[in-house]
Structures are given as C-alpha cells and as structure tokens.
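Biologist: I would like to learn how to read the features of a model like this one. Could we take them one at a time?

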Amino acid sequence: MIDKNVVKKLVEEWLQDKEYFLVSIEISPDDRIVVEIDHADGVWIEDCVALSKYIEDHLNRDEEDYELEVGSAGLGQPFKVPQQYINFIGKEVEVLDAAGKKVKGILKAVEGNDFTVGVEEKVKVEGKKRPVKQEVDHVYQMDKVKYTKYIISFN
C-alpha cells in the first residue's frame, strides 16, 4: 500500500510558493489516491493536472500500481481545514453543531480553532411586546461541530 506520508510530502513540495493549500489526502486499501486542494479564488483544472503529473513523476508504478485523482474541495462540501473557514469569512454558512442543531448565518471571524457565525434570531427586547429580529453571534470550535459548509446562493 502506498504511504500517505509520501504522497503528502509530494503534495506539499508542489504547493510550496503557491497560494493553494491541501484539504485532504485519502488512500484506499486498493491504492486509489484522492488528493483535494483549494485556493481562495478557486482551483484551476490546469493546476490539478500539474499536481497530478508531479505526483506521478515521483511515484514508481513499477513498484506499486495506483489510481490517482486530484481535484478541488467541492464548493458545497463541509469544510475540512481552517484555511477554508478563513476563505469564507463574510459569506453565508450552515453549521451543524455537536448537539445536532443546524444554524445558518454569516461567518464573521476565525481565531485559531474558534469561529464566529452571526445568526438572525428573534430576541426579547426590554420594553417591546414582541421579539425583535437581531443578529446574534454564535462561537463554535471547528473540531466540535459535525460540519460547517458554504451555502451556495444564486440571488
């Protein structure tokens, strides 16, 4: 079986001095390698091809046969690395917290493992008979939520 660390090292070499970042590497027991990269402005197919060629040039097919797929992290897929959170600051996201509660709001800030989402909620305001809609900040930890993903909007 192909060593994941070897593939990771090759990907990191190729990424050096580029604005791309590694999202994930998956290697199945039958040596199917799937590499996901991302970039703040999107991923170009030419760069996926270049990374694929770089990996193929450094792995020996005579020693081990493998299938290689290099692509971008899907736009509607859950975030996997902190850089994805940073890239979507100011955009609408959906969060499914550890308790199973789903919220939608604007990703406002990322600090270390924590991120803040502004959510429109009805809040009881003193002196008012009815609750008023206000933006309430919710702070989550990346490793404690079930998922966070960008909400694709065509408005």
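Biologist: Which residue in the hairpin of S4 and S5 takes a positive phi?

Modeller: Gly100 does, with a phi near 90 degrees, in a hairpin that has 5 residues between the strands. Keep in mind that this is a predicted model. The two strands of the hairpin run antiparallel, and 5 bridges join S4 to S5, which covers residues 102-111. As one example of a facing pair, Glu94 stands opposite Lys104 in S5.

Biologist: In which sense do S4 and S8 pair, parallel or antiparallel?

Modeller: S4 and S8 pair in the antiparallel sense, over 4 bridges. Here Val95 has Thr148 of S8 as its bridge partner.

Biologist: How many residues of strand S4 are buried?

Modeller: Buried means a relative accessible area under 20%. In S4, residues 92-96, 4 of the 5 residues are buried, so the strand is largely enclosed by the rest of the structure.

Biologist: Where is Phe79 found, and is Phe79 buried or exposed?

Modeller: Phe79 is in the loop between S3 and helix H3, the helix of residues 82-87. With a relative accessible area of 10%, Phe79 is buried. Leaving aside residues up to four places away in sequence, Phe79 touches Gln84, Tyr85, Phe88, Val93, Thr148, Lys149 and Tyr150. Thr148 is also the bridge partner of Val95.

Biologist: What does Thr116 touch, and where does Thr116 lie?

Modeller: Thr116 lies in strand S6, residues 114-123. Thr116 is buried too, at a relative accessible area of 16%. Not counting residues up to four places away in sequence, the contacts of Thr116 are Ile106, Leu107, Lys108, Ala109, Asp137, His138 and Val139.

Biologist: Now sheets. What is the order of the strands in the open sheet of 3 strands?

Modeller: The order is S1-S2-S3, and the pairing is mixed. S1, residues 21-27, and S3 stand at the edges with a single partner strand each, so one side of each has no neighbour in the sheet. From one strand to the next, the twist averages 15 degrees. S2 and S3 pair in the parallel sense over 6 bridges. Arg32 stands opposite Glu67 in S3.

Biologist: Which helices pack on the sheet?

Modeller: H1 packs on it and touches S1 and S2, with a direction that makes about 155 degrees with that of S1. H2 also packs on the sheet, touching S2 and S3, and its direction makes about 150 degrees with that of S3.

Biologist: Next, charges. How many salt bridges are there?

Modeller: First the general idea: side chains of opposite charge can pair when their charged atoms come close. The cut-off used is a side-chain nitrogen of Lys or Arg within 4 Å of a carboxyl oxygen of Asp or Glu. By this rule the count is 10 salt bridges.

Biologist: What does Arg32 form a salt bridge with?

Modeller: Arg32 forms one with Glu69, and their closest N and O atoms are 2.5 Å apart. Arg32 lies in strand S2, residues 32-38, and Glu69 in strand S3, residues 67-72, so the pair ties together parts that are 37 residues apart in sequence. Arg32 is partly exposed at 32% relative accessibility, and Glu69 is partly exposed at 37%. Arg32, Glu67 and Glu69 are linked in a network of salt bridges.

Biologist: How far apart in helix H1 are Glu12 and Lys8?

Modeller: They are 4 residues apart in H1, residues 4-15, which means a separation of about one helical turn. Their side chains meet in a salt bridge at 4.0 Å, N to O. Glu12 is partly exposed at 41% relative accessibility, and Lys8 is partly exposed at 37%.

Biologist: What does Lys53 pair with in a salt bridge?

Modeller: Lys53 pairs with Asp57, the closest N and O atoms being 3.5 Å apart. Both lie in helix H2, residues 45-58, again 4 residues apart and about one turn of the helix. Asp57 counts as exposed, at 52% relative accessibility.

Biologist: Last, which residues make the nonpolar surface patch?

Modeller: Leu75, Ile152 and Phe154 make a patch of about 370 Å². Ile152 is in the segment after strand S8, residues 147-150, and counts as partly exposed at 42% relative accessibility.

How values were computed:
Residues numbered from 1 in each chain as written. Predicted model: local features only at pLDDT ≥ 70, side-chain atom pairs only at ≥ 80, totals over all residues. Heavy atoms only, no water. Buried < 20%, exposed > 50% of the residue type's maximum accessible area, 1.4 Å probe, protein only. Contact = heavy atoms within 4.5 Å. Patch = residues over 30% accessible without salt bridge, like charges linked within 9 Å, V, L, I, M, F, W, Y side chains within 5 Å. Areas by Shrake-Rupley, 256 points an atom, 1.4 Å probe, with all protein chains shown as cover. Pairing = 2+ DSSP bridges. Axes fitted to C-alpha atoms, helices over the stretch in contact; angles between N-to-C directions.
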